[in-house]
Amino acid sequence: MTLPQSGAHPASPALSFCLPISRHHRLPGLGWHFQYRRLKKTLLLSVRFQRLKDSSLKGPMINSTTHKDVGVIRACEMLLDEMPLFDPSLLQDLDWSSSKVSFSPPISPLNPGDGLVLRPLRPADLDRGLYKVLSQLTEAGDVTKEQFRAKFDHIKRTGDYYVVVVEDTNLGQIVATATLIIEHKFIHACAKRGRVEEVVVSDVCRGKQLGKLLVATLTLLSKKLQCYKITLECAEKNVEFYKKLGYTASAETYMQCRFFN
Ligand SMILES: CC(C)(COP(=O)(O)OP(=O)(O)OC[C@H]1O[C@@H](n2cnc3c(N)ncnc32)[C@H](O)[C@@H]1OP(=O)(O)O)[C@@H](O)C(=O)NCCC(=O)NCCS
């Protein structure tokens, strides 16, 4: 068995022994979230099984973690670190014929540009400079890996957050991100409404239609998820950007009560 090296890419051979588990346990028709929990459980069970097998071969149960355990546990952690926030196929099945946004040269979620990949957020993106990009939008703060992971797991459980990123795969760095949040209503016959948040493209990648691609993708996704409308708040200087994407200024006033910065 190949032991994984920390920091290796998900597609690296280090994880290859785990990948058949994920393929084997991906059952058609089941939601991604369910499959993620199922895979997590399977991986933990396989670690425990391996330990029991080892201890029965070597005699009495050994309390300490073996070298093999460490390798399997690290591989499991790496696999979970690359688990997407939501089912990536949602981004591939969008109905672009209903969008009035055009791209020149043509780009799409499947092909956002040379060396670029558009995909759901993964826990490992913390180490790919996610906060460096977010800090170009606002005070992003300093977070530990544990804080980030806890937040990621929380928002994944809700099933209502669609955080997308663009990764420059040559650099292994996140260069753009945007978020769609689904809000559930009692009004409008128990409707859903989408909100676009945290749209930011790294300054070195601006002007390549990535901002347009992210917002257009999330707008179509909200429609696919049956939202009756999608809204956002933006600075005056960005109004023209969103108008180009089919958004119109609302007569309503944005109000707030700020408790912390
Ligand atoms: C606003 C932002 C997301 C735009 O991203 P981008 O990738 O540079 O923009 P794109 O290349 O997709 O531009 C798409 C179109 O909008 C135009 N555009 C881009 N930014 C614009 C702006 N601030 N105002 C008006 N038009 C703008 C482009 O000229 C382009 O026009 P075209 O289609 O006619 O050629 C990016 O500048 C950014 O991250 N800014 C800092 C963070 C921020 O303010 N985010 C918005 C929070 S609401």
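# Working through the fold and the ligand site

Leu121 sits in the loop between S1 and helix H5 (130-134); helices (H or I, at least four residues) and strands (E, at least two) are DSSP runs, numbered from the N terminus. This is a predicted model, where local features need pLDDT of at least 70 and side-chain atom pairs count only at pLDDT 80 or more, while totals for chains, interfaces and linings use all residues. Residues are numbered from 1 along each chain as its sequence is written, and side-chain values use heavy atoms, with hydrogens and water left out.

**Exercise 1. Is Leu121 buried or exposed, and how far is its C-alpha from that of Thr177?**

Step 1: get the cut-offs straight. Buried means under 20% relative accessible area, exposed over 50%, and partly exposed in between (1.4 Å probe, protein chains only).

Step 2: apply them. Leu121 has a relative accessible area of 5%, so it counts as buried.

Step 3: check the spacing. Leu121 and Thr177 are 56 residues apart in sequence, yet 8.6 Å apart in space, C-alpha to C-alpha.

**Exercise 2. Work out how many helices and strands the chain has, and in which order they run.**

Step 1: count the elements. The chain has nine helices and five strands.

Step 2: read from the N terminus. The order is α-α-α-α-β-α-α-β-β-α-β-α-β-α.

Step 3: add the burial figure. Of the chain's 261 residues, 41% count as buried.

**Exercise 3. Find which side chain Glu167 makes a polar contact with.**

Step 1: place the residue. Glu167 is part of strand S2 (residues 161-168).

Step 2: look at its accessibility. With a relative accessible area of 4%, Glu167 is buried.

Step 3: find the partner. The side chains of Glu167 and Arg119 are joined by a polar contact of 2.8 Å. For the term itself: a polar contact is a pair of N or O atoms within 3.5 Å; within protein, one must be able to donate a hydrogen and the other to accept it, and residues adjacent in sequence count only if both atoms are side-chain atoms.

**Exercise 4. Place Met78 and say what separates its C-alpha from that of Ala124.**

Step 1: Met78 belongs to helix H3 (residues 67-81).

Step 2: Met78 is buried, at a relative accessible area of 11%.

Step 3: although Met78 and Ala124 are 46 residues apart along the chain, 8.3 Å separates their C-alpha atoms.

**Exercise 5. Pick out the unusual backbone spots at Pro105, Glu198 and Gln226.**

Step 1: recall the rule of thumb. Most residues other than glycine have a negative phi, and most peptide bonds are trans.

Step 2: go to Pro105, in the loop between helix H4 (89-92) and strand S1 (116-120). The peptide bond from Ser104 to Pro105 is cis, with omega near 0°.

Step 3: move on to Glu198 in strand S4. Its phi is positive, near 45°, and at 37% relative accessibility Glu198 is partly exposed.

Step 4: finish with Gln226, in the loop between H8 and strand S5 (227-231). Gln226 has a positive phi of about 70°, and at 62% relative accessibility it counts as exposed.

**Exercise 6. Describe the ligand's surroundings: which residues come nearest, and which elements supply the shell?**

Step 1: list the neighbours. There are 19 residues around the ligand, and Val199, Val201, Gln209, Gly211 and Lys212 come nearest. To be near, a residue needs a heavy atom within 4 Å.

Step 2: find the elements. Strand S4 (192-201), helix H8 (210-224) and helix H9 (239-243) each supply at least two shell residues.

Step 3: sort by class. The shell has eight nonpolar, four polar and seven charged residues. Here Ala, Val, Leu, Ile, Met, Phe, Trp, Tyr, Cys and Pro count as nonpolar, Asp, Glu, Lys and Arg as charged, and the others, Gly among them, as polar.

Step 4: check the backbone. Ligand oxygen atoms lie 2.9 Å from a polar backbone atom of Gly207 and 2.8 Å from one of Gln209. A ligand nitrogen atom is 3.3 Å from a backbone N or O atom of Lys237.

Step 5: work out the cover. On its own the ligand has 900 Å² of accessible area, and the protein covers 71% of that. These areas come from the Shrake-Rupley method with a 1.4 Å probe; for residues, only the protein chains shown count as cover.
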